[in-house]
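This report describes strand pairing, side-chain contacts and surface features of a single chain. The sequence and the structure are shown first.

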Amino acid sequence: GRGRGRGRRGRRDGKDAWVPVTKLGRLVKEGKFKDIEEIFLYTLSVKEFQIIDHFFPPGPESTLRDEVMKIMPVQKQTTAGQRTRFKAFVAVGDGNGHIGLGVKVASEVANAIQGAIKNAKICLVPVRRGYWGNRVGAPHTVPCKVTGKCGSVRCRLIPAPRGTGLCASPVSRKMLSMAGIQDCYTSSRGHTRTMGNFIKAIYYALQKTYGYLSPDLWAPRALGRNPMQEYSDFLKKTSK
């Protein structure tokens, strides 16, 4: 009929243009942050996945790669019967100290994966790496023993000597390599067949690597002004 397809013309031109809706997004788009470490330094909350795309531009040469860890159907009982949707777990990492995990449920597999990738980028966290013995060369393992838990699953990461490799299950090995860890022992308990909880437990363990204050971090470090205060005049001008 005449009404089909109306109102869709002329929208494709600005479809990919990012219009930030948060203060952090406006600052990132204007180039006020040199790298993503400044965001982590001041513990600023990331609410837009385009902020991560700004520092890791998507494309075939992007350092941030994503991996679909699991896709599972979930059902809900309704009066008309059962409604089946798909739940996707996606991990993103650059292999250099950053890891993210996203979960999304959608009626189609493709939509669930796309939504999980966006959630994983928003949940990107820094991973601290350290040494097993002497501080020779680049950091290669976790700095200390860390444990993550989700549901009944407990996953423990233990530092390992250089050259050991990743002594872990295929899922754990994939997550650790995406975080940039080369050598590590792992120990898990609980119902690890529940893959969703197992993946989350590994992610929470990696997230805790910066939560432990080791002696090399005891030296006082002066922080500058918070970016939200430093660029308050700019944010005031650009606010609608």
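Two strands are taken to pair if DSSP finds at least two bridges between them. Helices (H or I, at least four residues) and strands (E, at least two) are DSSP runs, numbered from the N terminus. The model is a predicted one, in which local features need pLDDT of at least 70 and side-chain atom pairs count only at pLDDT 80 or more, while totals for chains, interfaces and linings use all residues. Residues are numbered from 1 along each chain as its sequence is written, and side-chain values use heavy atoms, with hydrogens and water left out.

## Strand pairing

Strands of a sheet pair through backbone hydrogen bonds, in either the parallel or the antiparallel sense. Strand β7 (residues 166-167) runs parallel to β8, and two bridges connect them. Within this pairing, Cys167 has Tyr185 of β8 as its bridge partner. Strand β8 (residues 184-189) also pairs with strand β6 (residues 153-159), here in the antiparallel sense and over six bridges. In β8, Cys184 is the residue that stands opposite Pro159.

An open sheet is formed by four strands with antiparallel pairing, in the order β1-β2-β3-β4. Its edges are β1 (65-78) and β4 (125-126); each has a single partner strand, so one side of each is left without a neighbour in the sheet. Between β1 and strand β2 (residues 81-93) there are 13 bridges, and the two run antiparallel. Thr78 faces Gly81 of β2 in this arrangement.

## Salt bridges

A salt bridge is counted where a side-chain nitrogen of Lys or Arg lies within 4 Å of a carboxyl oxygen of Asp or Glu. The count by this rule is four. Among them are the pairs in the following table.

| Pair | Closest N to O distance |
|---|---|
| Lys174 and Glu67 | 3.8 Å |
| Asp216 and Arg128 | 3.1 Å |
| Asp216 and Arg135 | 3.9 Å |

The side chains of Lys174 and Glu67 meet in a salt bridge. This pair links distant parts of the chain, with Lys174 in helix α5 (residues 170-179) and Glu67 in strand β1, 107 residues apart. Exposure is classed by relative accessible area: buried means under 20%, exposed over 50%, and partly exposed in between (1.4 Å probe, protein chains only). Lys174 is partly exposed because its relative accessibility is 34%, and Glu67 falls in the partly exposed class at 26%.

The side chain of Asp216 meets that of Arg128 in a salt bridge. Asp216 lies in the loop between α6 (195-207) and α7 (227-230), whereas Arg128 lies in the loop between β4 and β5 (146-150), 88 residues apart. Asp216 forms a salt bridge with Arg135 as well; Arg135 is in the loop between β4 and β5, 81 residues from Asp216. Arg128, Arg135 and Asp216 are thus linked in a network of salt bridges.

How exposed or buried are the members of this network? Arg128 has 9% relative accessibility and therefore counts as buried. Asp216 is partly exposed at 42%, and Arg135 is exposed at 61%.

## Cysteines

A disulfide is defined as a pair of cysteine sulfur atoms within 2.5 Å, and by this rule the count is zero. Why is Cys123 without such a bond? The closest cysteine sulfur, in Cys150, is 13 Å from that of Cys123, which is too far for a bond. Cys155 is likewise in no disulfide, as the nearest cysteine sulfur, that of Cys184, is 8.2 Å away. Cys123 counts as partly exposed, with 32% relative accessibility, and Cys155 counts as buried, with 2%.

## Aromatic pair and surface patch

Rings of Phe, Tyr and Trp (its six-membered ring) pair if their centres lie within 6.5 Å; planes under 30 degrees apart count as stacked, over 60 as edge-to-face and the rest as tilted. The structure holds one aromatic pair. Tyr203 and Tyr204 form this tilted pair, with 5.8 Å between the centres and 50° between the planes. Tyr203 is buried at 7% relative accessible area, whereas Tyr204 is partly exposed at 31%.

Nonpolar patches join side chains (Val, Leu, Ile, Met, Phe, Trp, Tyr) within 5 Å, from residues with over 30% relative accessible area and no salt bridge; like charges are joined within 9 Å. Val68, Ile71 and Val109 form such a patch on the surface, with about 190 Å² of accessible area together (Shrake-Rupley method, 1.4 Å probe; for residues, only the protein chains shown count as cover). Val109 belongs to helix α4 (residues 109-122) and is partly exposed, at 32% relative accessibility.
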